[in-house]
Amino acid sequence: KVHQHTDVTNKLSRKKMEIYVMKKKFVLTLALVLMVAATLVAAPLDVSGDFKAGYKLTFSPNGIAALDATEAQANAVTVSGDFWSMEFGTITFTGGNDDTGNLTVYLDKALAAQGVDMGDISLKYTIGNMGTAIKPSDVYTDSNDKVVELAMAAIYASKVTLGYSDMVTVEFAADPVNTTDKPILLGATFAPVDGVKAAVGYTNLTADGNKGGVTGSATADLAALAGLDFGLIVSAIDVYDFNTTNNALYAEVKGSVEDIAAWVEYQNIAGTSNLKAKATYSGIENTSVYAAVTLTDLSSITTLIEGGASYKMGGVTYALDAGYTVNGSFTLSPSVAVAF
């Protein structure tokens, strides 16, 4: 009986030991999982973009003729890691919504992390819902936001970009979902010398459903080329539509001296010439003021005069903009914005 009792006691002890070891293994496994999860959560991520909202008041001789909400929206929100980035389209919060977004994977960086030396070659691909259009890269300075751009009609396109150093980049995009039109996009950017850039682009199906088009742009940093002690850049871009045979030309000169920056843009869109100029002063801490004038259709000029001021406090920019169309309406637009 004593012998049997001893065997039972030993079996119970071994069982307890096995349970103890299993518990230890479980705790160690759980700790390892938590460590990995914590590492993933703590992985460095960069989030950038901006958000702006406000109102627009339009005045007539009898008072306020209209009060509209300027679209509350977040622009180009990007979340990026070491080897990828996700970009979301403009997200509006008044009267609309947005579901566009795409993922860019930097293959060169991922391969380098695996021990593959890519040298001066860069390689990335982009996939996702990019909206109704995908555009080739251009080098136009575009201070005034282009009205006409070359864009390939696309919904769910893929794009591959291959570059060598800072000298040349080529890109190819296609929309495999559209098996009827088979839209494609080709583009290339060149930087032959410091201070000079050029780009070309082509698509066989533009975003408005036409037959396609081409674009070319160039920029020269005269301050860098000539060693000037003030900023001076000239830039131009041309967009030609094969179907309508319409041409859109933009040319811009921009300069800066200490706290003063200014630019002038000339537009010729389908034979109609426009001109806009803007000057900004930011010599007061956290404050910026500007004045601008737009001449629409130089053959029968319509003049818009604009001005405004902004003040940044606590990471929030408070702005008040005003506009007056000669012999027309007057607008006042307060807004708030944050950049992150």
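Helices and strands are runs assigned by DSSP, with at least four residues for a helix and at least two for a strand, and they are numbered from the N terminus.

**Figure 1. Overview of the chain.** The model shown is predicted. Its secondary structure comes to three helices and 21 strands. The chain has 340 residues, and buried residues make up 25% of them. The accessible surface is about 20900 Å², and carbon and sulfur atoms account for 62% of this area. Of the contacts between residues at least 6 apart in sequence, 36% join residues that are at least 24 apart.

**Figure 2. Strand β9 and its two faces.** Strand β9 covers residues 156–164, and its side chains alternate along the strand. A157, K159, T161 and G163 point to one face and are buried. Y156, S158, V160, L162 and Y164 point to the other face and are not buried.

**Figure 3. The strands paired with β9.** Strand β6 (residues 121–129) runs antiparallel to β9, and nine bridges join the two. Within this pairing, G128 has A157 of β9 as its bridge partner. Strand β10 (residues 168–174) also pairs with β9 in the antiparallel sense, over seven bridges. Here K159 stands opposite A173 of β10. The hairpin formed by β9 and β10 has three residues between the strands, and S165 in the turn has a positive phi of about 50 degrees.

**Figure 4. The hairpin of β15 and β16.** Strand β15 comprises residues 247–257. Ten bridges connect β15 to strand β16 (residues 260–269), and the two strands run antiparallel. A251 has Y266 in β16 as its bridge partner. Two residues lie between the strands of this hairpin, in which E258 takes a positive phi near 50 degrees.

**Figure 5. The hairpin of β16 and β17.** Strand β17 (residues 272–281) runs antiparallel to β16, and ten bridges join them. N268 stands opposite S273 in β17. This hairpin has two residues between its strands, and A270 in the turn shows a positive phi of about 50 degrees.

**Figure 6. The aromatic pair of Y140 and Y250.** A pair of aromatic rings is described by the distance between the centres and the angle between the planes. The count of aromatic pairs comes to four. One of them joins Y140 and Y250, with 6.3 Å from centre to centre and 45 degrees between the planes. This pair is classed as tilted, because the tilted class takes in angles that are neither under 30 nor over 60 degrees. Y140 lies in the loop between β7 (133–134) and β8 (152–153) and Y250 lies in strand β15, so the pair ties together parts that are 110 residues apart in sequence. Both Y140 and Y250 are buried.

**Figure 7. The aromatic cluster of Y202, Y240 and F242.** These three residues form one aromatic cluster. Within the cluster, Y202 and F242 make a tilted pair, with centres 6.4 Å apart and planes at 45 degrees. Y202 belongs to strand β12 (residues 196–203) and F242 to the loop between β14 (231–241) and β15, so this pair ties together parts that are 40 residues apart in sequence. Y202 has a relative accessible area of 29% and is therefore partly exposed. F242, at 35% relative accessibility, also counts as partly exposed.

**Figure 8. Lysine residues over tyrosine rings.** The charged end of K109 sits over the ring of Y106, at 4.8 Å from the ring centre. K278 lies over the face of Y290, 4.4 Å from the centre of the ring.

Technical notes. Residues are numbered from 1 along each chain as its sequence is written. This is a predicted model: local features need pLDDT of at least 70, side-chain atom pairs count only at pLDDT 80 or more; totals for chains, interfaces and linings use all residues. Side-chain values use heavy atoms; hydrogens and water are left out. Rings of Phe, Tyr and Trp (its six-membered ring) pair if their centres lie within 6.5 Å; planes under 30 degrees apart count as stacked, over 60 as edge-to-face and the rest as tilted. Buried means under 20% relative accessible area, exposed over 50%, partly exposed in between (1.4 Å probe, protein chains only). A charge sits over a ring if NZ of Lys or CZ of Arg is within 6 Å of the ring centre and within 35 degrees of the ring normal. Two strands pair if DSSP finds at least two bridges between them. Contact means heavy atoms within 4.5 Å. Accessible areas come from the Shrake-Rupley method with a 1.4 Å probe; for residues, only the protein chains shown count as cover.
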